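Q: I'm new to reading protein structures, and I'd like a close look at one part of this one. Please start with a patch on the outside, then work inward to the core and tie it together for me.

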Amino acid sequence: MSVTKPVAGRVAVARLLAGFMKRGAPLHFERALVGGAPGLLIMADDAVGGGLIGTWSFEVTEAAEPGSDVRLVAIRGVLNPEKLRHLGPLADLSRMREWLTSSRSRTRPAPRARTT
């Protein structure tokens, strides 16, 4: 599954992110500051060797007044290994592809929540 053009709107973005999780990829998310903004590190599970797959950073609006809602304006993703290498060990994407190909007929347990 790849995204070749910007996706806009709450419903469209929610569906896109849900679609990634439905695929059963052996990955999890870790909260982090990404480029100084709130975000997530997309990490391969230990079952496929671990390592960093990519990052998402979230652009949010400032709260207009205390107690008011903060809204998500944009999600920016980086998957280019050359731009991620300085962050730590990278995932073996070939191994992930093999896992996904060999596991099409089996189901994966529900994703687990991780906190860091």
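**From a surface patch to the core**

A: Let's start with Leu72, which sits in strand E4, a stretch covering residues 72-78. Keep in mind that this is a predicted model. Leu72 teams up with Val60 and Val70 to make a nonpolar patch on the surface, about 250 Å² in area. For scale, the accessible surface of the whole protein comes to about 8,400 Å², and 56% of that belongs to carbon and sulfur atoms.

Before going inward, here's the overall layout. The protein has three helices and four strands, and along the sequence they run in the order α-β-β-β-β-α-α.

Now for strand E3, which spans residues 52-60. Ser57 is part of E3, and Ser57 counts as buried because its relative accessibility is 14%, while the cut-off for buried is under 20%. What does Ser57 touch, once its neighbours within four places in sequence are set aside? On one side of the numbering there are Val34, Ala37, Pro38 and Gly39, and on the other Ala74, Ile75 and Arg76.

Next comes the largest nonpolar core, a set of twelve residues. Among them are Ile53, Trp56 and Phe58, along with Leu40, Ile42 and Ala44. Three elements give two or more residues each to this core: strand E2 (37-44), strand E3 and helix H3 (93-102). Ala91 is another core member, as are Met96 and Trp99. If you skip the neighbours within four places in sequence, Ala91 is in contact with Ala44 and Ile53, and also with Gly50, Gly51 and Leu52.

A polar residue is worth a look too. His28 belongs to strand E1, residues 27-34. Why does His28 count as buried? Its relative accessibility is 5%, and anything under 20% counts as buried. The His28 side chain makes two polar contacts you can find on screen: one with the side chain of Glu30 at 3.2 Å, and one with the side chain of Asp45 at 2.8 Å.

Finally, zoom back out. Of the protein's 116 residues, 27% count as buried, and Ser57 and His28 both belong to that group. Looking at contacts between residues at least 6 apart in sequence, 37% join residues at least 24 apart. So the route we took runs from the patch of Val60, Val70 and Leu72, through buried Ser57, to the core that holds Ala91.

Key: Residues numbered from 1 in each chain as written. Predicted model: local features only at pLDDT ≥ 70, side-chain atom pairs only at ≥ 80, totals over all residues. Heavy atoms only, no water. Core = buried A, V, L, I, M, F, W, Y, C linked by side-chain atoms within 4.5 Å. Buried < 20%, exposed > 50% of the residue type's maximum accessible area, 1.4 Å probe, protein only. Contact = heavy atoms within 4.5 Å. Polar contact = N/O pair within 3.5 Å; in protein donor to acceptor, adjacent residues only side chain to side chain. Patch = residues over 30% accessible without salt bridge, like charges linked within 9 Å, V, L, I, M, F, W, Y side chains within 5 Å. Areas by Shrake-Rupley, 256 points an atom, 1.4 Å probe, with all protein chains shown as cover. Salt bridge = Lys/Arg side-chain N within 4 Å of Asp/Glu carboxyl O.
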